[in-house]
Each structure stands twice: as structure tokens, then as C-alpha cells.
Amino acid sequence: MSDIADRADWRIAHEMTTALAQVRRIPLLQADHHCHFCQAPIASALLFCDVDCRDDYEREQAALRRAGR
């Protein structure tokens with residue numbers, strides 16, 4: 001019979017597998033001197049011009065994932 005530790009190990013492995021699958025579906029952004037949300041010019045190492053654009057981008061991407069796109 002499985003005990004609590006075995007079930008916990010299975011659950012941890014399952015959660016890690018699910019999390020890795022989710023992360024692999026999200027494309028990584030590359031810095032290109034423009035904000036990825038509003039297209040404003042920014043410093044070369046940045047992805048967004050401010051936290052508002054970052055948050056709006058994340059909300060938009062989450063909505064697209066929920067819609068199956």
C-alpha cells in the first residue's frame with residue numbers, strides 16, 4: 001500500500017511536470033529596443049517601458065491562453 005510520503009512524491013512530480021509543460025508553451029521575449037506592449041522605444045536590455053505595460057501584456061497573454069490561442 002502506498003503511504004502518505006509516496007502520494008506526496010507522486011503529487012510533487014505531477015505538479016513539476018505540469019508546471020514545466022506550462023512554461024515551455026510560453027514564448028520567451030527578446031529585448032529589441034521597443035516595449036513589447038506599446039512599442040515605445042526603450043533601453044536595449046528592457047522588455048517593457050514600465051510595470052503597467054508589463055502587467056497589461058501579461059493579462060493580454062493570459063486571456064489569449066484561456067481563449068486557446
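C53 counts as buried in this predicted model, because its relative accessibility is just 9%. Its neighbour in this story, C49, counts as partly exposed at 35% relative accessibility.

So what about a bond between the two? A disulfide is a covalent bond between the sulfur atoms of two cysteines. How far is the sulfur of C53 from the nearest cysteine sulfur, that of C49? The answer is 3.5 Å, and C53 is in no disulfide. A disulfide needs the sulfur atoms within 2.5 Å, so this pair doesn't make the cut. C49 is in no disulfide either, and the structure as a whole holds zero of them.

Now for the rings. The count comes to one aromatic pair. F48 and Y57 have ring centres 5.2 Å apart, with their planes at 50 degrees, so the pair is tilted. F48 is buried, and Y57 is buried too.

Here are the four residues we've met, side by side:

| Residue | Relative accessible area | Status |
|---|---|---|
| F48 | 14% | buried |
| C49 | 35% | partly exposed |
| C53 | 9% | buried |
| Y57 | 15% | buried |

Time to zoom out. The protein has two helices and zero strands. Buried residues make up 7% of its 69 residues. Its radius of gyration is 18 Å, whereas a compact globule of 69 residues would have one near 11 Å. The C-alpha atoms fill a box of roughly 60 × 25 × 20 Å along the principal axes. Among contacts with a separation of 6 or more, 8% join residues 24 or more positions apart. As for the outside, the accessible surface comes to about 5900 Å², and carbon and sulfur atoms account for 58% of that.

Key:
Residues numbered from 1 in each chain as written. Predicted model: local features only at pLDDT ≥ 70, side-chain atom pairs only at ≥ 80, totals over all residues. Heavy atoms only, no water. Buried < 20%, exposed > 50% of the residue type's maximum accessible area, 1.4 Å probe, protein only. Phe/Tyr/Trp six-rings, centres within 6.5 Å; stacked < 30°, edge-to-face > 60°. Helix = DSSP H or I, 4+ residues; strand = E, 2+ residues; numbered from the N terminus. Rg over C-alpha atoms; globule rule 2.2 N^0.38 Å. Contact = heavy atoms within 4.5 Å. Areas by Shrake-Rupley, 256 points an atom, 1.4 Å probe, with all protein chains shown as cover.
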